[in-house]
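I opened my notebook with a plain aim, to look things up one at a time and to write down what I found.

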Amino acid sequence: MNTPDEFAISRRGLLKAGAATASASAGMAAEAQSRAAPPVPADAGAPMAVTLKVNGQTRRLSLDTRTTLLDALREHLHLTGTKKGCDHGQCGACTVIVDGRRINSCLTLAVMHEGAQVTTIEGLGQPGKLHPMQAAFVKHDGYQCGYCTPGQICSAVGALQEIEQGVPSHVSGDLNVKPLLSPVELRERMSGNICRCGAYSNIVDAIGEVAGMTGGVKA
Ligand code: FES
Ligand code: FES
């Protein structure tokens, strides 16, 4: 059993050790903070001019450089057909076509696309003059709530262009020949577009019809 003196010594030691640990921790925390938070540039967030050609129209914007293309379209140009699902590149609801390629507009900054041609669902077609892909989605009931649909349709248009251009996918058997137009190719190429209503088989039917697949596309 400790005498009162022994107890006093060990208590002092404990306090010293604690102070040393706290000092070391404070030093590590300060170092971590300096690594994690580089100094913010004085002009961060300052507006920057950017010109986009959206659905055939020249649109000049002055944007915070941190504005995503998705927010530029929805919040600044009020083109709300393009949807924000996850805002993390995981659902495909925000898919638009930029300079002929489908991209997730939530994952890219608007100011990175100076002079780019951007096509949104509004630019593909309008009521009374639907794009063939839009008409096929209606015909095949390729949706339920419709939230994912603008992204699905833009992505489908882009996917068929990629097949046409011979761009291989993960499931293409031979990288040296044009990919086959098949249900498995369509499903793979559309795998970045999530539909929480589960309208997948009708979506593939719609795309298959536009692609000219005969004999049905059910895999
Ligand atoms: S909102 Fe862009 S991928 Fe989900
Ligand atoms: S139709 Fe509802 S999420 Fe796809």
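Entry 1, one lysine. I asked first whether K139 counts as buried or exposed. K139 counts as exposed because its relative accessibility is 58%, where exposed means over 50% relative accessible area, buried under 20% and partly exposed in between, with a 1.4 Å probe and protein chains only. I found K139 in helix α4, helices being DSSP runs of H or I with at least four residues and strands runs of E with at least two, numbered from the N terminus. I also noted that K139 and A206 lie 67 residues apart in sequence, while their C-alpha atoms are 7.5 Å apart in space.

Entry 2, what I am looking at. I wrote down that this is a predicted model, in which local features need pLDDT of at least 70 and side-chain atom pairs count only at pLDDT 80 or more, while totals for chains, interfaces and linings use all residues. Residues are numbered from 1 along each chain as its sequence is written, chains are lettered from A and ligands numbered from 1 in the order in which they are written, and side-chain values use heavy atoms, with hydrogens and water left out.

Entry 3, confidence. The mean pLDDT (the predictor's confidence in each residue, from 0 to 100) is 88 for the protein, and 81% of its residues reach 70 or more. Over residues 215-219 pLDDT stays under 50, and for this stretch the model has seven contacts beyond four places in sequence, a contact meaning heavy atoms within 4.5 Å. I reminded myself that where pLDDT is low, the predicted coordinates should not be read in detail.

Entry 4, the fold. I counted seven helices and five strands in the protein, and along the sequence they follow the pattern α-β-β-α-β-β-β-α-α-α-α-α. Of the 219 residues, 35% count as buried. Among contacts between residues at least 6 apart in sequence, 52% join residues at least 24 apart.

Entry 5, lining residues. Which kinds of residue line the largest pocket? Its lining divides into eight nonpolar, four polar and one charged, while that of the second largest pocket divides into nine nonpolar, four polar and one charged. Here Ala, Val, Leu, Ile, Met, Phe, Trp, Tyr, Cys and Pro count as nonpolar, Asp, Glu, Lys and Arg as charged, and the others, Gly among them, as polar. A pocket is, on a 1 Å grid over the protein atoms alone, an open set of points where a 1.4 Å probe fits, with protein on both sides within 12 Å along at least five of seven lines, and lining residues have an atom within 4 Å of a point.
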